[in-house]
Amino acid sequence: MKTYTIYFFRHGITKGNLNAQYIGHTDLPLTTDSISAIKKIKATEHYPKVDAVFSSPLKRCKDSASLMFPENNIMIIDDFIEYNFGEFEGLTAEDLKDNEDFKTWLRGDMQARTPYGESNAEFIHRVCAAFEKVVEGCIKTGVQNVAIVGHAGVLMTLLSCYGLPEAPMAHWQMDPGYGFKLRITPSLWMRANKLEVVDTAPTAIKDLKE
C-alpha cells in the first residue's frame, strides 16, 4: 500500500529562546549563530529531498525552512503559528512565578488560557485541524514526501496527538534544526487518525553511506 512521509523540523534559535522567554506571535529573527548552525547541519547531515515544504508564517520558521530546503517554495500555513501567550508574551517563568493566572495555566487544564491569549484546547484544535488538512491533501493529490518546519510547541503537540508510539508532549522534544520522520499509512490514518514515528531527522551522511 502507498505510504506518505512527513518530516517535522524545529526552527532555529532566536534571542527569545536564549533568554528563556515565552515567545509566541512575536516575529523574532534567527540569531546569526543559529543560521550558521543550520548551515552546518545541512553540510554534515542530510535534509531529505521533499516535494513540498510547509511553514508557520513567522520568519524564524520561514527562514529556517529556506535554509533547510533552498530548492523548494515555502508554503505558509497560518494556523501553524506558535501558541498565543497573551500577557505572558516576552516574559520568563521567573517573571511570572508569583502570577496566579500563570500558576493555573501551568497546571495544564485544557480550558486554561493565558490572559488575552488562547486556551490549551483552542491551540490544540487549531494546529490539529491544520495538520489534518495537510495529511488529507497529500493523500488526495498523491504527494508522498513533505516537510513541516515549525515551532517546538506545535510539533510536539501534533506528535502527542497523532504519533505512534503514543507518548506525552515532553517525550517529543527536539533540538533546533532537528526533528522526526513520520510515516502515514492511509488505512491507519483513516481508521484511527494515527501515524508512525519511524526515525529522527535529518540523517547523518555517514549513516546513509553505510
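I looked up Thr14 first and found it buried, with a relative accessible area of 1%, where buried means under 20% relative accessible area, exposed over 50% and partly exposed in between, for a 1.4 Å probe and protein chains only. Thr14 sits in the loop between E1 and H1, with helices (H or I, at least four residues) and strands (E, at least two) taken as DSSP runs numbered from the N terminus. Leaving aside neighbours within four places in sequence, I listed Leu28, Pro29, Thr31 and Arg60 as its contacts, a contact being heavy atoms within 4.5 Å.

I note that this is a predicted model, in which local features need pLDDT of at least 70 and side-chain atom pairs count only at pLDDT 80 or more, while totals for chains, interfaces and linings use all residues. Residues are numbered from 1 along each chain as its sequence is written, and side-chain values use heavy atoms, with hydrogens and water left out.

For pLDDT, the predictor's confidence in each residue from 0 to 100, I noted a chain average of 95, with 97% of the residues scoring at least 70. Over residues 206-210 pLDDT stays under 50, and the model has 2 contacts beyond four places in sequence for that stretch.

I then followed Thr31, which lies in the loop between H1 and helix H2 (32-44) and is buried at a relative accessible area of 18%. Beyond four places in sequence, Thr31 is in contact with Ile13, Thr14, Lys15 and Leu18.

Next I turned to the pockets. A pocket is an open set of points on a 1 Å grid over the protein atoms alone, where a 1.4 Å probe fits, with protein on both sides within 12 Å along at least five of seven lines; lining residues have an atom within 4 Å of a point. The largest has a volume of about 840 Å³, volume being the space filled by probe spheres set on the points, which are joined across faces, edges and corners. Of its 32 lining residues, the closest to the centre are Tyr22, Glu82, Phe85, Gly153 and Met169. H6 gives the most to this lining, with 6 residues. I also recorded that H6 is mostly covered, with 9 of its 11 residues buried, including Gly153, Val154 and Leu158.

The second largest pocket holds about 160 Å³, and its lining includes Lys42, Tyr47, Phe69 and Asn72.

What has the most contacts inside the largest nonpolar core? I found Ile6, Phe8, Phe80, Phe131, Ile148 and Leu158 in that role, within a core of 42 residues; such a core is a set of buried Ala, Val, Leu, Ile, Met, Phe, Trp, Tyr and Cys residues joined through side-chain atoms within 4.5 Å. The largest share, 9 residues, comes from H5. A second, separate core of 14 residues includes Ile41, Val53, Phe69 and Val149. Returning to Phe80, I saw that its contacts beyond four places in sequence include Arg126, Phe131, His151 and Leu158.

Last, I checked the backbone. The peptide bond from Leu164 to Pro165 is cis, with omega near 10°, and another cis bond joins Ala201 and Pro202, with omega about 0°. Tyr116, in the loop between H4 and H5, has a positive phi near 65° and is exposed at 73% relative accessible area. Asn193 also has a positive phi, about 50°, although it is not a glycine, and is partly exposed at 28%.
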